[in-house]
Amino acid sequence: MNIIECKNLTKEYLSGENVVKAVDDVTVSFEQGEFCAITGPSGSGKSTFLHVLSSLENPTSGNVYYGGKSLSSYNDNQLSILRRRRFGFVFQAYNLVQELTGYENILLPVMLDGKKPDEEYLNKVIDMLGIRDRLEHLPSALSGGQQQRIAIARALANRPAILFADEPTGNLDGKSGREVLSLLKYVSKQLGVTLILVTHDLHVAEQAERILTIEDGKIVKDTKPAPSV
Amino acid sequence: MKRKLTINTLAMGNLKQRRKQYTILIIGIILAMVFSSGIPFFISCMQTSITETTKRLYGTQDEIYLKAMDVDFEKGKLDGYISNYSLAHTIGFAFKDEESNDVGTAVAWLDEKAVEMYYPFLYEGRLPEKAGEIAAERQSLMQLGFADAKLGEQITLTMKIPDGKDFSKKTEKRTYTLVGVVCNKKTAICEWRTSQESAYLPAVFVNKGEEVAVGGKELLVAFVNFDNYQSWSNEKKHDYYQFSGNTLTIGTRIHKVHNDSYEGISGTDILSTMLYSTAFAVILTLVSCLAIVNSFANNLRERKKQIGMFRAVGATKRQIISIYAREAFIISLISAPISIFISYFGVKLITKIMGDDLIFMPEVWILFAGAGLGIICVMCAALIPLIPISKSSPMQAIRNVDYTRKLRRKKIRSQKQFNVSSLLAKRNITLARSRQIIVSIILAITIIGSCYGFSAIEYELSEVGYGQYEYGLYNDDHFEEDFVNPILDFRGYCNNDVTELMSTGYFSEAVASKKGTVNILRDEFTDYELIINICSDTGSVYKDVAKGLTKENFKEKVTKNFSKNYLNVKEKYNYNSLLLTATFASIGEEYFERMKDDIVEGEINIDKLNSGEEIVLVAPQKIGIEIDDDFLEYYRIDDSNPNEVKRDYLEIQECSFKVGDELDLSIVCTSSKDKKQFVRTDRKVKIGAILKDVSGFDWEFPSFYGIGVLTTNEASQLFAPELDYNSIYLKTKNNIDDEMNSIIVPYLENISLSIPDGRLRNLYEFARDNEQSIKIGLFGIICIISLFLAICGCVVNNALTARIREGKREIGTLRAVGADLKVISSSYIKQLLSIFGWGYGIGFGLYIGGYCLFAIMNNVMEWNKELYGIKLVETFLMCAVLFILCAVNLILKIKQEMKHSIVENIREL
C-alpha cells in the first residue's frame with residue numbers, strides 16, 4: 001500500500017537568468033514501512049526531491065499525494081499539522097532549537113500539537129536511541145552524533161508515518177554515522193515507520209530496501225537490492 | 001579580475017548588499033545628526049536673534065545719560081568705569097500742539113559712534129545724510145500727528161528750543177523731508193520711565209551737525225558702555241554708584257538691567273526655550289546614539305559568522321575593525337549632508353513659524369561642527385559593539401560561544417510539558433536580556449518624556465486665553481514730590497475718556513482705577529509700620545536706610561534718620577504727627593466683589609465706602625526686611641512669598657492694623673482752582689476690611705508695594721477730587737478678531753499718546769501671541785513625543801528584525817516540525833511584550849515615583865512650585881499604538897520570512 005506518491009513532480013530554480021530543473025517530472029511512490037534510500041551525485045537534485053516530497057518546499061508542477069490526497073489541496077496550517085503529526089524530519093545539520101534542552105527538543109512536535117506526551121512511547125524511543133543521559137543538555141553541549149540522535153527522537157516523537165532524512169550521517173564521523181544509520185533503521189522498523197533517506201554514500205544506500213538513483217533531477221534507477229544477511 | 005580587493009571595496013560591497021538593512025540605520029544616523037547639529041544651530045539662531053532684537057530695541061549701550069552736558073566721561077574712562085561713550089546732540093523737543101506741549105519727543109543728531117551704539121534700526125528708508133532730512137520712530141511720528149507720513153513727504157515740526165540745561169519755552173518750526181522710519185526704541189527703553197525723563201531721549205533724528213536755533217544751546221544724551229563690568233568688585237560698583245549718583249542731579253541713568261524684556265517673546269521665554277531645546281537635544285542625541293549602538297550591535301551579531309570567517313582566513317582585529325568602521329564612516333558621510341540640509345531648512349521654517357519676533361541669522365559653521373560631532377558619535381556608536389566582537393577568536397565567532405556559555409550559566413531544566421511559543425520567548429528573553437536593556441532604556445525615556453510632555457500640554461492649554469479685558473490704557477504712577485500726589489503737570493485719564501470710549505460702541509465694559517499717595521498720620525509708629533515705611537514706594541521716609549542697618553541698630557536708625565524730603569513735606573504741609581506713607585487707590589464698585597476671597601478680616605460695605613466712612617486696607621499680614629550689603633538694597637517678604645520667611649531677616653512683624661481702627665488720612669492734591677497750588681485734605685476713616693497682599697490680582701487692579709488704602713471711585717472724589725484715572729481696562733462687545741483689533745488699536749493709541757506716559761496694553765494681542773507660541777510649543781512637544789516614539793519604534797523594530805534574521809534557521813526548524821505562523825509569531829510577540837513591559841514598567845515607575853518624590857519635596861521643602869497633573873492615559877494609549885504597530889510589523893516580517901520555503905529558512909547562507 002502506497003503511503004506517499006508523487007506524479008510528474010517538477011521543481012525549478014532560477015539561477016541567474018537560467019532556469020534549473022532540480023527535479024524533473026518525477027513520478028514515484030513509496031510503500032508503508034519501506035526503507036528507501038535516494039542517492040545520486042552532488043547536485044543531482046536528490047535533496048530537493050526529498051524537500052518537495054516532504055512538503056518542505058512547493059513543487060513547480062506536479063503533485064504529491066499522501067494517503068491518496070494531494071498535498072496541493074492543503075493550506076499552510078494543514079501542512080503544518082501534517083508535518084507535526086505524520087512526518088518526521090532529520091537533517092544533515094541536526095537543526096535543533098538551541099534554546100531548548102534535548103528533552104524539550106524531542107517534545108517539540110508533541111507540544112506543538114497540544115497533546116500530552118506519551119511518556120511510555122517516548123521513553124522507548126529515548127532508550128532505543130541511547131540518549132537518556134543527554135536529555136537535560138542543551139544542543140550546544142552535545143556532540144554531533146548525540147545531536148543527531150536527539151533530532152531522530154524528535155522526528156519520531158509524534159509517531160509519524162514517514163521519516164524523511166536528508167543526509168543524516170553527512171556531518172558525522174564514520175563510527176557515529178554508522179551508529180545513527182543503524183538506529184534509524186532499527187527504530188523505523190520497530191515503530192513501523194516509512195523511512196525515506198537521502199544520501200550520497202553508497203554504503204549507506206546499500207542498507208536500504210529500495211534505492212532510487214537520481215541524476216539531473218530524474219530517477220534513473222529504482223532498484224531493490226537483496227536483503228543483506 | 002582587474003579590480004583590487006581593498007578594505008574600501010569590502011566595505012562598499014557589504015553596504016551594497018545590506019542596503020535595505022542600512023536604510024533604517026541611515027535614517028537613525030540622520031536623526032542623530034539633525035539633533036546634534038540642528039538644535040545647537042537653532043539655539044545659536046535664537047541667541048543671535050535675541051542679540052539682534054535687543055540691539056534693535058535697546059541699542060548696545062549699558063547706560064544712557066539723558067542730560068549729560070556736565071558729565072566728565074573722559075574721567076569715567078580714566079577711572080576705569082567707562083570703556084567708550086557716544087553722544088546725541090539734542091536740538092529741540094518736538095510736540096504736536098500747544099495744549100499738550102509736554103507730549104512729544106526730543107529731536108537730535110547722533111555722532112558716528114552713537115549710530116553704532118544706539119543703533120537706530122531702519123524699518124524703511126535711511127538715516128539723514130544732508131540738511132533738511134529726518135528719520136523718526138513710527139510711534140513718535142504718530143505722537144506728532146504724522147501717523148500716515150510717507151518717505152519723501154515734508155513734515156513741519158514745532159520744537160521747544162533747548163537752553164543748554166533744559167528745554168525752554170521758546171519754540172520754532174522747522175520743515176524736513178522724511179527719509180527713514182526707525183524701530184520704536186524709545187517706548188522699549190522708557191517703558192518704566194516717566195514722561196519727564198523720556199522726553200530727553202531722542203526718537204527723531206536729523207542730519208549730523210545740525211545747529212540748534214539761535215539763542216539756544218544743545219542738550220546732550222550720552223550712550224555709555226562699562227569697562228568690563230563683570231569683573232567689577234562690589235567696592236568698585238559702590239564707587240561707581242557714587243560717581244554716577246552725582247550725575248543723577250544732572251542726568252538720569254537708564255541702566256540696561258531694565259531692558260530685560262521686549263515686545264512679543266520675552267528674553268526669559270527664549271532663554272527657557274533654549275534651555276529646553278538643549279535638554280531635548282542632549283536627550284535626543286543620546287537616545288539616537290543608543291539606537292545607533294543598538295543597530296550596529298544587531299548588525300554585527302547577525303554578521304558574527306562573517307567576522308569569524310574573516311578571522312579564520314587571517315584578518316587581524318585591526319583589519320576587522322577597519323572593514324566595519326569604514327562602513328560606519330561611509331554611512332555617516334552619506335548622512336552628514338542630508339542632516340545639514342534638514343537642519344538648515346528645518347530651523348529656517350521653525351523661525352518663520354515662530355513669527356516676526358525671531359530673526360533668522362544663521363551661523364552655518366555650527367551646522368558643520370554639529371554634523372562633525374554627529375560623525376564622531378556614529379563612529380563611537382559603531383566601535384562600542386565592534387571592538388569586543390573583533391576580539392573574539394574565529395571559532396568563538398562562528399559557533400556563537402557566548403550564547404552557549406550563557407545557556408549553561410542559566411542551568412536550564414527541561415520542562416515536561418510546555419507551550420512552545422511561551423517557552424521559546426522565555427528562553428530568548430533570558431538569553432537576550434542585555435540586548436533588551438538599550439531598548440527598554442529608550443522606551444523608558446520615551447515614556448517619561450511623553451508623560452511629562454502630555455502634562456505640559458494640558459498645563460499650557462489651560463494657560464491659553466486672557467483675562468476679562470482685552471485692552472488697557474494706563475500711565476505709570478509717578479510723583480513730583482514724595483508723599484504728595486503727582487498732580488503738577490500730571491494728567492491721567494478722566495471720566496470724559498471713559499464716556500467717549502463707551503460711546504464708540506466697541507466696548508461693553510470699562511474698569512477705571514486711580515492711584516496716588518496718602519499719608520496716615522500717627523503719633524507713634526508700630527514696629528510693623530516702621531518696616532512699611534522702609535519698603536514703601538510712595539516716598540523715602542528714611543535717609544540711606546540700607547546703609548549699615550543691622551538687627552541691633554534697626555529701631556534707633558529708623559526712628560531718627562528721616563529723609564530730607566520727609567522733613568520738607570512735614571514742614572511744607574504743616575504735619576505735626578508722623579507720616580506713614582501708603583498707596584491710595586480707587587476702583588469701580590463692582591470690582592470689590594472679586595476681592596471676597598482675599599479678605600482677612602471684616603467685610604466690604606460699599607455704601608460705607610462710597611460715603612467715605614470706611615476704607616479697605618490692603619496690608620501684608622507679615623512683613624520682613626533683609627539688607628543686601630553689596631547693593632545696599634533691601635528685600636521684603638510678604639503674603640505673596642511666605643516661604644521667604646525662612647531667610648534671615650533683620651526684622652519681621654505681623655500686621656498691626658485691626659478692623660474698626662480709626663485712621664487719620666491726609667492727602668495732598670493740586671487745588672482744583674489753581675493747578676500750581678497744593679491743598680491738604682484730611683479725613684478720619686474706619687478700616688472696614690483688611691485685605692491680604694493682592695499682588696496676584698489682574699492687570700486692571702492697582703498694584704501696592706507697602707500698604708494701600710482702597711476705596712471706590714465714587715468715594716475718591718471725597719479724598720482727592722483732582723486725581724485722574726491712571727488706568728482704564730476695556731472689554732469688547734463682540735468676539736474680538738484681528739480685523740477688529742486693527743481698527744480699535746489706532747484709536748486707543750491716539751488716546752494713550754495724548755497724555756504724558758500714556759500707554760496701551762494690548763492684552764488681546766498678548767493672548768493671541770501667547771496662544772500662538774503655546775500652539776508652537778504644543779506642536780513641538782507633540783513632534784518630540786512622536787520623534788521619541790518613532791525612534792523607539794525603529795529601535796524595537798531593528799532589534800526584533802535582527803532577531804528574526806538571526807533566528808531564521810530556527811524558524812525553518814520550527815516550521816519543519818510543524819509550527820505554524822501563530823506559534824512562531826506569538827513567540828516573538830511575547831518577546832516584544834517583555835521588552836515593552838520592562839520599558840513601560842521602568843518608564844511609568846520612574847515618572848510616577850519622580851512625580852511623587854517631587855510632590856513630597858515640594859511640600860516638605862515648601863518650594864511652592866506648580867505641579868503639572870499626572871498624565872498617564874495619553875502616554876499609555878500612544879504606547880499601546882506603538883506596541884500594536886511594532887507587533888503588526890513583526891508579524892508581517894515573520895510572514896515575509898515564512899513566504900520562503902522551509903528549506904530556504906534552514907539553509908546556511
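These legends accompany close-up views of a predicted model with chains A and B.

**View 1. Chain B as a whole.**
Chain B holds 28 helices and 23 strands. Of its 909 residues, 39% are buried. Contacts in chain B with a separation of 6 or more are mostly long in sequence terms: 83% of them join residues 24 or more positions apart.

**View 2. The contact between chain A and chain B.**
Chain B brings 29 residues to the contact, and chain A brings 31 residues. On the chain B side, four helices supply at least two residues each: α14 (401-409), α15 (420-431), α25 (808-816) and α28 (902-906). Helix α15(B) gives the most, with six residues. By type, this side of chain B divides into 15 nonpolar, eight polar and six charged residues.

**View 3. Helix α2 of chain A and its packing partners.**
Helix α2(A) spans residues 76-85. Its buried residues are A:S80, A:L82, A:R83 and A:R84. Within chain A, they pack against β4, β6 (87-90) and α3 (102-112). They also pack against α25 of chain B. That same α25(B) is among the helices that supply at least two residues to the side of chain B touching chain A.

**View 4. The open antiparallel sheet of chain A.**
Four strands form an open sheet in the order β2-β1-β4-β5, with antiparallel pairing. Strands β2 (18-31) and β5 (69-70) stand at the edges. Each has a single partner strand, so one side of each is left without a neighbour in the sheet. Inside the sheet, β1 (residues 2-15) and β4 (residues 61-66) of chain A pair over five bridges in the antiparallel sense. A:K7 stands opposite A:N63 in β4(A). Strand β1(A) also holds A:N8. This residue is not a glycine, yet A:N8 has a positive phi of about 50 degrees. A:N8 is exposed, with 12 other C-beta atoms within 10 Å.

**View 5. Strand β6 of chain A, covered on both faces.**
On one side of β6(A) lie A:F87 and A:F89, and on the other A:G88 and A:V90. All four are buried. In a regular strand, side chains alternate between the two faces of the sheet. Strand β6(A) runs parallel to β7 (residues 162-166) of chain A, joined by four bridges. A:F89 stands opposite A:F164 in β7(A). The loop between β6 and α3 of chain A carries A:N95. Phi of A:N95 is near 50 degrees, a positive value in a residue other than glycine. A:N95 is buried, with 24 other C-beta atoms within 10 Å.

**View 6. The hairpin of β9 and β10 in chain A.**
Strands β9 (residues 210-215) and β10 (residues 218-223) of chain A pair in the antiparallel sense over five bridges. A:L212 of this hairpin stands opposite A:D222 in β10(A). Two residues lie between the strands. In this hairpin, A:D216 takes a positive phi near 50 degrees.

**View 7. The nonpolar cores.**
The largest nonpolar core has 157 residues. Those with the most contacts inside it are A:I38, A:I152, A:A153 and B:I442. Helix α2 (residues 19-58) of chain B gives the most to this core, with 15 residues. Domain 1 (1-62 + 260-399) and domain 3 (409-465 + 764-909) of chain B both give residues to it, so the core lies between them. Apart from this core lies another, of 57 residues, among them B:L66, B:A108, B:A222 and B:V224.

**View 8. Surroundings of A:I38.**
Neighbours within four places in sequence are left aside here. A:I38 is then in contact with A:K46, A:F49 and A:L50, among others. Its further contacts include A:I196, A:L197 and A:V198, as well as A:L212 and A:I214. A:L212 is the residue that faces A:D222 across the hairpin pair.

**View 9. B:I334 in helix α11 of chain B.**
B:I334 has its place in helix α11 (residues 317-353) of chain B. With 14 C-beta neighbours inside 10 Å, B:I334 counts as partly exposed. B:I29 is 305 residues apart from B:I334 along the chain. Their C-alpha atoms are separated by 9.7 Å.

Conventions: Residues numbered from 1 in each chain as written. Chains lettered and ligands numbered in written order. Predicted model: local features only at pLDDT ≥ 70, side-chain atom pairs only at ≥ 80, totals over all residues. Contact = placed C-beta atoms within 7 Å. Nonpolar A, V, L, I, M, F, W, Y, C, P; charged D, E, K, R; others polar. Pairing = 2+ DSSP bridges. Buried ≥ 20, exposed ≤ 12 C-beta atoms within 10 Å, placed from the backbone. Core = buried A, V, L, I, M, F, W, Y, C linked by C-beta atoms within 7 Å. Domains from an automatic or database assignment.
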